[in-house]
Amino acid sequence: GTLAIHCTCRRMLEPTDIHCYEPPIYRVCPPSTTEGPPPSLPFLAIVLESANAIGGPSPGLLHSLREQGCQLVLAHSAVPAEDRDTRGLNGQHPQSKDGTKGLNGVRPQSMDGLYQPTALNKEWFDAVFHKVIDMEEEEGEEGVCRIRPLARYLADTGIDPTQVICFACTETGARCFADADVGLVVAAKHDKVWTKEAGTDSVSMPGADLATPECPTARQLAWLHKVVTEKFWCVCLWCSPPLGELSNNLGLPADSPSAADRAELTTVASRTIAARGHPAWIPQRPGNSQHPGCTVLLGNEMMACPDWTLMEAYLRTGSVKRDVRQFGKVTLYSHSLDAGIAQVNHALEVQDTRDGLRVRISDKRIASLATAGEAATELSVAILEGGGKTPAAICIRSSLLLDWLPPGFVVRKYVDIADGHAVLFASFVDKTNSRRIEVTAWHRLVKDDGRGDVQLTPQAAPPKPSSKFEGGVRSYAEAVAGACAVDLIFANPRRGSRYTIEKVVMVTSSVVDISSQNLSSPRDRRPCLFEASFD
């Protein structure tokens, strides 16, 4: 893959190449649920294991796909109903047994306890599907499951198996679809993708590629199909939040694995630093995490350092702030690791049920594989819908989290927002043993209204009311009292435009005589000589 960070002597700080070219389709964040269908489909057939399975396509989606020439196939089996993840073909999730309902009738934090809905009458199969076949699970020469009727149908119709998307609701179906070497296998729960056997370290992988409790849209299915069939470096991808990460009362229910397991699996690291793969908007504090978010090599051991990953998004009207993490309805979630470019990605789309305000936030994080101690992260925010005639200001709080102070160390911190700068500096100092860990973070503000990136210079004070005009975003910076943090505000944002904070950091550690050294201002420090490149 490409190097994530490139050294250069021509530029000092500017990480200007983060959005400088059109990336391949599989490295773009997941399409929004508000986007329409794609002009063409990269797949030719949809295969359902059950006509009433949780996570399966809705009738509207099936009708739309059929109009675009996609073949609809029902490959059902004789698996008992209690072994399936089921729901009605009308696309609505059933009510849970205890009577509680979230959006579409699903509990927000669990998919358990759903009753068995009424199945689609078999007399309707011929009207809905191009082909209805019975799954035959047979043992091959090496005990491998086969679906001979499905393979025969694909061969007779001339459809390449890689151009097929299958929806599985049982382990048997997931295993058989995977054995047929289809392009993408989707299931409702993660146990159809992988599950760890209780009391052992062994992992079972039935064969599904992706678990999502709600069927993706046509555009999202096209994106996922390309991710799986055309790119082999996306080693982790989750499309539902872990339990307890978000305060979602409606929308996507939570699923395993846990937030801690996902953060550990998607850690990005270099020879000297490491950052766990948690979302940038989730603080890694001792109260909710067993491990520090960022570490650095000090001597011969990895030590906690100021956490440079934290970036939180708010919408601000005057002194009132609305935390987007508290919006009640989660409509899109994505957490992935791109091993080809050593980059962890997150995307979150939420909607406030009070006024319909829909916001999308995403972040990317890399650690330099070329230069020790260099790393970069970014957080983007876009108001998609609602928010009234004049959208609220977008506030992104960038912090150096100081909660993981090693024993024997003291904290030093400094914030510089003068003259268009937004620089954070924090250090852990151990004078007794002459040890020091330092983190310096520079920021760049960017807007993109669809015509390319435009760099903005943050002012040291809010803009005057007379300076505001439609589409004329104004940016400014405010230091956060009592913390090593800065609020970077985009006033008067345009609905649909993307506003990004790019954060470039340098992490250093040393064992030197520091008894007589004074803390210098980041302004006196030599800026980091590299530019970050997110693919």
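A salt bridge here is a side-chain nitrogen of Lys or Arg within 4 Å of a carboxyl oxygen of Asp or Glu. With that in hand, here are some close-ups of this predicted model.

**View 1. Arg322, Asp352, Arg354 and Asp355 are linked in a network of salt bridges.** One pair in this view is Asp355 with Arg322, whose side chains meet at 3.3 Å, N to O. Asp355 sits in the loop between strand 21 (343-351) and strand 22 (358-367), while Arg322 belongs to strand 19 (residues 320-323), so this pair ties together parts that are 33 residues apart in sequence. Asp355 counts as partly exposed, with 40% relative accessibility. Arg322 is also called partly exposed, at 22%, because buried means under 20% relative accessible area.

**View 2. Arg276 reaches Glu264 through a salt bridge.** The closest N and O atoms of Arg276 and Glu264 are 2.5 Å apart. Look for Arg276 in the loop between strand 15 (273-275) and strand 16, and for Glu264 in helix 6 (residues 259-265); the pair therefore ties together parts 12 residues apart in sequence. Arg276 is buried, at a relative accessible area of 7%, whereas Glu264 is partly exposed at 48%. The structure as a whole holds 22 salt bridges.

**View 3. Asp363 and Arg365 make a salt bridge between buried residues.** Their side chains meet at 3.9 Å, N to O. Both Asp363 and Arg365 count as buried.

**View 4. Four antiparallel strands form an open sheet in the order 14-15-16-17.** Strand 14 (268-269) and strand 17 (301-304) take the edges, each with a single partner strand, so one side of each has no neighbour in the sheet. Strand 16 (residues 294-298) runs antiparallel to strand 17 and is joined to it by four bridges. To find your way along that pairing, start at Leu297, whose bridge partner in strand 17 is Met302.

**View 5. Helix 5 (residues 218-230) has the span its length calls for.** At 1.5 Å a residue, its 13 residues should span 18 Å, and the end C-alpha atoms are indeed 18 Å apart. Buried residues of helix 5 include Ala218, Leu221, Trp223, His225 and Val227. What do the buried residues of helix 5 pack against? Their partners are helix 1 (59-67), strand 7 (164-167), strand 8 (184-187), strand 11 (210-211), strand 12 (234-238) and strand 20 (329-338).

**View 6. Trp308 and Leu315 touch the most other members of the largest nonpolar core.** That core takes in 60 residues. Leaving aside residues up to four places away in sequence, Leu315 touches Val320, Lys321, Arg322, Val324, Phe327, Leu357, Val359, Ile383, Ala392, Ala393 and Ile394. Arg322, one of those contacts, is the residue from the network in View 1. Apart from the largest core lies another, of 25 residues, with Leu41, Leu74, Ala218 and Leu221 among them. Ala218 and Leu221 will be familiar from helix 5 in View 5.

**View 7. Arg444 in strand 27 (residues 435-448) has side-chain polar contacts with Gln455 and Glu502.** The contact with Gln455 is 2.9 Å, and the one with Glu502 is 2.8 Å. Is Arg444 buried or exposed? Arg444 counts as buried, at 7% relative accessibility.

Conventions. Residues are numbered from 1 along each chain as its sequence is written. This is a predicted model: local features need pLDDT of at least 70, side-chain atom pairs count only at pLDDT 80 or more; totals for chains, interfaces and linings use all residues. Side-chain values use heavy atoms; hydrogens and water are left out. Two strands pair if DSSP finds at least two bridges between them. Helices (H or I, at least four residues) and strands (E, at least two) are DSSP runs, numbered from the N terminus. Buried means under 20% relative accessible area, exposed over 50%, partly exposed in between (1.4 Å probe, protein chains only). The expected span of a helix is 1.5 Å times one less than its number of residues. Contact means heavy atoms within 4.5 Å. A nonpolar core is a set of buried Ala, Val, Leu, Ile, Met, Phe, Trp, Tyr and Cys residues joined through side-chain atoms within 4.5 Å. A polar contact is a pair of N or O atoms within 3.5 Å; within protein, one must be able to donate a hydrogen and the other to accept it, and residues adjacent in sequence count only if both atoms are side-chain atoms.
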